Amino acid sequence: MTKARYDAVIFDTDQTLVDSLSVMDEAFHQTIRCRYHRRARITDLPRKDYVGISIDRIIASTLRKLGFDDDVIADEIGPTKRELDHQLIGHLKNARRKNLEELAMPGVRELLLSLKEYGIHRASYTGATAAVNTALLDASGLSPLLQARSTSDDGHNRLDILLNAYAKLCKVCPSDCHELHRKNVLVVGDSPKDVEAAHDAKMKSLRITKGWYGFEQIDPLPDYTTYDLSRPQRILKTFILT
């Protein structure tokens with residue numbers, strides 16, 4: 001009889017569950033145009049200045065590139081972030097109305113459905129705000145397949161946010177289920193920070209090598225690697241089921 005190797009899987013949201021860069025880039029463009037009457041995109045910056053970089057620093061780099069002084073930039077980060085969230089949520093609501101479920105990364109929906117079928121708990125975590133995360137997951141059609149979500153509203157760093165996702169999963173476990181141990185939780189993400197957070201939380205990690213970070217060497221090493229999640233049955237058989 002096939003059994004699950006893990007009791008729960010916690011997914012990074014951005015570029016793991018959802019292709020968030022494309023919508024974020026458009027919302028960022030609209031924010032800069034509306035607020036400063038200038039044109040700029042996140043992807044106009046060098047890759048090293050936006051991959052794995054906080055939105056505060058991305059805004060600062062963009063405004064500096066547009067010629068703003070540091071004193072002005074410091075005052076503008078907060079209002080620009082709020083406008084960006086507004087633009088992003090609006091864009092995602094429009095996407096949902098158009099049924100643009102292609103926001104979900106290839107294979108993810110099928111993988112989540114299979115995990116549900118095997119009784120494996122499912123959560124997501126992200127450095128985005130709760131409002132933005134909800135809009136992303138709703139627009140991609142993934143919200144009903146996740147039992148818990150953790151966002152930047154729940155913690156100050158990636159480890160805190162991950163542990164909050166774990167705590168929320170523990171609460172939704174049926175009262176008759178066995179205790180959810182961290183060693184039986186698999187964290188899936190594309191960033192070295194996902195691997196580091198999983199390691200610090202005493203959880204296992206599956207790192208996706210497609211995309212922003214590629215095959216670059218990281219420390220600590222992940223427990224497993226895969227190119228992407230586009231073949232959900234292979235992911236299940238190789239990493240999750242015994």
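Here is an informal walk through a predicted model, starting with its sheet and ending with its pockets.

**The sheet**

Let's begin with the strands. Six of them make an open sheet, paired in parallel, and reading across it the order is E3-E2-E1-E4-E5-E6. The edges are taken by strand E3 (148-150) and strand E6 (224-226), each of which pairs on one side only. If you ignore direction, neighbouring strands in this sheet are turned by 20 degrees against each other on average.

Two helices are worth finding next. Helix H5 (residues 130-140) packs on the sheet, where it touches strand E2 (121-125) and E3. The direction of H5 makes about 135 degrees with that of E3. Helix H6 (residues 158-172) packs on the sheet too, touching strand E1 (8-12), E2, E3 and E4. Its direction makes about 150 degrees with that of E2.

**Strand pairs up close**

How do the strands link up, bridge by bridge? The table takes three parallel pairs, with one pair of bridge partners for each.

| Strand pair | Bridges | Bridge partners |
|---|---|---|
| E1 and E2 | five | Phe-11 and Ser-124 |
| E2 and E3 | three | Tyr-125 and Ser-150 |
| E4 and E5 | four | Val-187 and Ser-205 |

E2 turns up in two of those rows, as it pairs with E1 and with E3. How many residues of E2 are buried? Five of its five are, and the strand is mostly covered. Its side chains take turns: His-121, Ala-123 and Tyr-125 point one way, while Arg-122 and Ser-124 point the other way. The residues on both sides are buried, the charged-looking names included: Arg-122 is one of them.

**Around Thr-13 and H5**

Follow the chain out of E1 and you reach Thr-13, in the loop between E1 and H1. Is Thr-13 buried or exposed? It has a relative accessible area of 0%, so it counts as buried. Leaving out neighbours within four places in sequence, Thr-13 is in contact with Val-18, with Ser-124, Tyr-125 and Thr-126, and with Asn-133 and Leu-137. Ser-124 and Tyr-125 are familiar from E2, where they point opposite ways.

Asn-133 and Leu-137 bring us back to H5, since both are among its buried residues. The others on that list are Val-132, Ala-135, Leu-136, Ala-139 and Ser-140. An α-helix has 3.6 residues a turn, so residues three or four places apart point the same way. Just after H5 comes Gly-141, with a positive phi of about 80 degrees.

**Two residues to compare**

Ala-27 sits in helix H1. With a relative accessibility of 2%, it counts as buried. Which residues touch Ala-27, apart from neighbours within four places in sequence? They are Leu-84, Gln-87 and Leu-88. Ala-27 and Gln-87 are 60 residues apart in sequence, yet their C-alpha atoms are 5.3 Å apart in space.

Glu-102 gives another picture. You'll find it in the loop between helix H3 (70-97) and helix H4 (108-117). Its relative accessibility is 58%, so Glu-102 counts as exposed. Glu-102 and Tyr-50 are 52 residues apart in sequence, and from C-alpha to C-alpha they are 23 Å apart in space.

**The pockets**

Rolling a probe the size of a water molecule over the atoms shows where empty space is left. The largest pocket here has a volume of about 980 Å³. It is lined by 35 residues, and the closest to its centre are Ile-53, Ser-54, Ile-55, Gly-127 and Ala-128. Helices H1 (20-36), H2 (55-65), H3, H5, H6 and H7 (192-200) each give two or more residues to this lining. Which element gives the most? That is H3, with four residues. Sorted by class, the lining has 15 nonpolar, 11 polar and nine charged residues.

The second largest pocket has a volume of about 170 Å³. Its lining has 12 residues, and those nearest the centre are Gln-15, Met-105, Ile-208, Lys-210 and Asp-228. By class, that lining holds six nonpolar, three polar and three charged residues.

Notes. Residues are numbered from 1 along each chain as its sequence is written. This is a predicted model: local features need pLDDT of at least 70, side-chain atom pairs count only at pLDDT 80 or more; totals for chains, interfaces and linings use all residues. Side-chain values use heavy atoms; hydrogens and water are left out. Two strands pair if DSSP finds at least two bridges between them. Axes are lines fitted to C-alpha atoms, for helices over the stretch in contact, and angles run from 0 to 180 degrees between N-to-C directions. Contact means heavy atoms within 4.5 Å. Buried means under 20% relative accessible area, exposed over 50%, partly exposed in between (1.4 Å probe, protein chains only). On a 1 Å grid over the protein atoms alone, a cavity is a set of points where a 1.4 Å probe fits but cannot get out, and a pocket is an open set with protein on both sides within 12 Å along at least five of seven lines; lining residues have an atom within 4 Å of a point. Grid points are joined across faces, edges and corners, and a volume is the space filled by probe spheres set on the points. Ala, Val, Leu, Ile, Met, Phe, Trp, Tyr, Cys and Pro count as nonpolar, Asp, Glu, Lys and Arg as charged, and the others, Gly among them, as polar.
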